[in-house]
Amino acid sequence: MNDIATLAPHTGFKAVRVTQDGPVLRVLLDPDGTDPALSTAVVDDLTALLDGLRERPDIRVLVLASGGADFCTGADRTEYLAALSGDPAGAAGLRRLLDKAQRLCRALEESHAVTVARLHGKVIGAGLALAAYCDLRAGADTCRFRMPEVGLGLPPAWGGAMGRLVSEMGVARIRELMLTCEVFDAATAHRLGLLHKAVPAGELDRAVDGWTRALARRAPEALVLTKRMLTGYARADRTADVALLDAHLLSSHLGAAAAHQRPAD
């Protein structure tokens, strides 16, 4: 495979590793296996990459995977606290971080490339949201999923994912999993539609490669048009989508909590 860091040289892809195999782009989160959190650096790299793909119609498929023991353990909460400490009243810095998450998820949904999530280990919070915005999702049967936000005292408002999850999995089960914060396994994720395939860990690459080979053979224009038609129908299902408010909801909530914890003057 050929390194394509030149796709977006202004970022340098410091937080992800990107390789190309013909029309297939492979993006590795946590390439050193040291930090499974979805930091701002990762979000920035992924967004820059997807922006760069607008000038790369030759890329038909994008595979999102991780080099660590887990796909993703959620957003980096230390960054939230740092943003609040810099602006505890208005939480403007925190809103900027959360707006970046929404731009990334929208870019995934709108990309002409078919996006494939290769999932293993823990897929939690923002990591689950990121996977949900991919077109196809395959996971090892050892995967464990969780939406922990309510248990942490937070509204589930990363990337505007609630509408996407409801559209993909159904409101009744999303309500249960968001409110209870229960851990669920790959078999449950497959039954709900979060996973299109759940396979033994040793067969995960084969499952993903089977998709990528088939997609690479499709006529490019038919592939792009079909993806955009499906995205359009899915969005039509979300007529009451309030995702634009998510950054404000979460930043206001955290800002109020931080103010409540500070001693009175």
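**Confidence.** I looked up the confidence of this predicted model before anything else. The chain has a mean pLDDT of 85, with 82% of its residues at 70 or more. I then checked residues 1–11, where the pLDDT is below 50. In the model this stretch still has 23 contacts beyond near neighbours in sequence. Where pLDDT is low, predicted coordinates should not be read in detail. I therefore leave the placement of those contacts alone, in keeping with that rule.

**Whole chain.** I counted the secondary structure next and found 10 helices and 10 strands. Of the 265 residues in the chain, 50% are buried. The exposed surface comes to about 12,600 Å². Carbon and sulfur atoms supply 55% of that surface. I also looked at how far along the sequence the contacts reach. Among contacts with a separation of 6 or more, 73% join residues 24 or more positions apart.

**Helix pair α5 and α6.** What describes two packed helices? The angle between their axes and the distance between the axes do. For α5 (residues 161–169) and α6, I noted axes 7 Å apart and an angle of about 130°. The pair is therefore oblique, because the angle is neither over 145 degrees nor within 65 to 115. From α5, the contact uses Met162, Leu165, Val166 and Met169. From α6, the partners are Val171, Ile174, Leu177 and Met178. I sorted these residues by class and got 8 nonpolar, no polar and no charged.

**Helix pair α3 and α9.** I looked up a second pair, α3 (residues 92–110) with α9 (residues 220–236). Their axes come within 9 Å and cross at roughly 130°. This crossing makes α3 oblique to α9. On the α3 side I listed Arg106, Leu108, Glu109 and Glu110. On the α9 side I listed Lys227, Arg228, Thr231 and Arg235. How many nonpolar, polar and charged residues does the contact of α3 with α9 have? I count 1 nonpolar, 1 polar and 6 charged.

**Glu109.** I went back to Glu109, a residue of helix α3 that takes part in the contact with α9. Is Glu109 buried or exposed? Its relative accessibility is 4%, so Glu109 counts as buried. I also took a C-alpha distance from Glu109 to Ala132, which gave 9.7 Å across 23 residues of sequence.

**Positive phi.** Most residues other than glycine have a negative phi. I looked for exceptions and noted Asp30, with phi near 45°. Asp30 sits in the loop between β3 (24–29) and α1 (40–52). With a relative accessibility of 9%, Asp30 is buried, because the cut-off is under 20%. Cys181 is also not a glycine, and its phi is positive at about 60°. I placed Cys181 in the loop between α6 (171–180) and β9 (184–185). Cys181 has 7% relative accessibility and so counts as buried.

**Gly68, which touches Asp30.** Leaving out residues up to four places away in sequence, I found Gly68 touching Asp30, Gly33 and His120. Where is Gly68? I find Gly68 in the loop between β4 (61–66) and α2 (77–86). At 13% relative accessibility, Gly68 counts as buried. I also computed the C-alpha separation of Gly68 and Leu29, 39 residues apart along the chain, as 7.8 Å.

**Pro148, which touches Cys181.** Which residues does Pro148 touch, not counting residues up to four places away in sequence? I found Ile124, Gly125 and Cys181. Pro148 belongs to the loop between β8 (144–146) and α5. The relative accessibility of Pro148 is 10%, so I entered Pro148 as buried. The C-alpha atoms of Pro148 and Gly74 are separated by 9.2 Å, with the two positions 74 residues apart along the chain counted as their separation.

**Asp21.** My last entry is Asp21, in strand β2 (residues 16–21). Asp21 has 41% relative accessibility and counts as partly exposed, because that value falls between the cut-offs of 20% and 50%. I took one distance here as well. The C-alpha atoms of Asp21 and Ile59 are 9.4 Å apart, while the two residues are 38 apart along the chain.

How values were computed:
Residues numbered from 1 in each chain as written. Predicted model: local features only at pLDDT ≥ 70, side-chain atom pairs only at ≥ 80, totals over all residues. Heavy atoms only, no water. Helix = DSSP H or I, 4+ residues; strand = E, 2+ residues; numbered from the N terminus. Buried < 20%, exposed > 50% of the residue type's maximum accessible area, 1.4 Å probe, protein only. Contact = heavy atoms within 4.5 Å. Areas by Shrake-Rupley, 256 points an atom, 1.4 Å probe, with all protein chains shown as cover. Axes fitted to C-alpha atoms, helices over the stretch in contact; angles between N-to-C directions. Parallel < 35°, antiparallel > 145°, perpendicular 65-115°, else oblique. Nonpolar A, V, L, I, M, F, W, Y, C, P; charged D, E, K, R; others polar. pLDDT = per-residue confidence, 0-100.
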